[in-house]
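Thank you all for making time this morning; I would like to walk you through one model, going from the overall fold down to a few individual residues. Please have a look at it first, and then I will begin.

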Amino acid sequence: MTDPDRARVLATSRVSRETAERLDRYVAELRRWQPIKNLVGPATLAEVWSRHVDDALQLLELAPEARTWLDLGSGAGIPGLILAIAGMERGIRVDLVESNARKCAFLTETARLTEAPVRVRNARIEAVVGEYAGVEVVCARALAPMAQLLAWTEPLLKTGTTGLFPKGRDVQAELTRAAAQWTVVNDLVPSRTDSDARIVRVTALAAPSHR
């Protein structure tokens, strides 16, 4: 099966031939494991390049100097494993935290086949996130509402880590609810894969002064 968007996505991201081959390997593994592990929504698999690969690749442009990334709730490796594959040539390393052991098996095997510079951690986020102080970027896709994401990543965001969180059309409502618990410095970046979606880029976080 060939996604008609593959050529467009690869051209937009200007990846090397070697990186394109590794991304092809990732997509092949995702399709191979999908019937067993149900890693992504079945309806999205036919558009894997535009719905998943490109959605992940756009994050690299939002932190072009960052080399150390942490991906929470990695699942099918979106965005973390894809970021590691695409960023390999610029020296990026990504830690993938995933509590589901079966998904960790997919991540570990696919990372081996693509030679992606990742470390897979089978753990609950709240148990390990504090160990990643100093990481430059933390990201998570389709994992939890903003208030919960901020609660998990507070130890990182309050000490200089940038947060990149792709969100859908309800992003403003999520940020409003989060503002009741946190003082957030952020901007909203339009997604290139969905006109209704935004990427929340968090550059600072603190508890509200009235708490």
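What you see is a predicted model, and the secondary structure of its protein chain comes to eight helices and seven strands. The radius of gyration of the chain is 16 Å, and since the globule rule gives 17 Å for 211 residues, which is close to that value, the chain is as compact as a globular protein of that length. If you prefer to think in terms of dimensions, the C-alpha trace spans about 55 × 35 × 30 Å along its principal axes.

Let me turn to how the chain is packed. Of its 211 residues, 50% count as buried, and if we consider the contacts between residues at least 6 apart in sequence, 70% of these join residues at least 24 apart. As for the surface, the protein chain exposes about 9,800 Å², of which carbon and sulfur atoms supply 49%. On the electrostatic side, there are 28 positive and 26 negative charges, and the mean positions of these two sets are 2 Å apart.

Now to the cysteines: how many disulfides does a search of the whole structure find? The search finds zero. For Cys104, the closest cysteine sulfur is the one in Cys139, and because the two sulfur atoms are 15 Å apart, they are too far from each other for a bond; the cut-off that matters here is 2.5 Å between the sulfur atoms. Seen from the other side, Cys139 is likewise in no disulfide, with the sulfur of Cys104 as its nearest cysteine sulfur, 15 Å away. As to their surroundings, Cys104 is buried, with a relative accessible area of 6%, and Cys139 is buried as well, with a relative accessible area of 0%.

The last residue I would like to discuss is Ala111, which lies in helix α5, a helix that covers residues 101–114. Is Ala111 buried or exposed? Its relative accessibility is 9%, so Ala111 counts as buried, given that the threshold for that label is under 20%. Which residues is Ala111 in contact with, once we leave aside its neighbours within four places in sequence? These are Leu81, Ala116 and Val118. Finally, Met146 sits 35 residues away from Ala111 along the chain, and the C-alpha atoms of these two residues are separated by 28 Å.

That is where I will stop, and I am happy to take questions.

Terms used. Residues are numbered from 1 along each chain as its sequence is written. This is a predicted model: local features need pLDDT of at least 70, side-chain atom pairs count only at pLDDT 80 or more; totals for chains, interfaces and linings use all residues. Side-chain values use heavy atoms; hydrogens and water are left out. Helices (H or I, at least four residues) and strands (E, at least two) are DSSP runs, numbered from the N terminus. The radius of gyration is taken over C-alpha atoms; the globule rule is 2.2 Å times the number of residues to the power 0.38. Buried means under 20% relative accessible area, exposed over 50%, partly exposed in between (1.4 Å probe, protein chains only). Contact means heavy atoms within 4.5 Å. Accessible areas come from the Shrake-Rupley method with a 1.4 Å probe; for residues, only the protein chains shown count as cover. Lys and Arg count as positive and Asp and Glu as negative; His and the chain ends are not counted. The place of a charge is taken as NZ of Lys, CZ of Arg, CG of Asp or CD of Glu.
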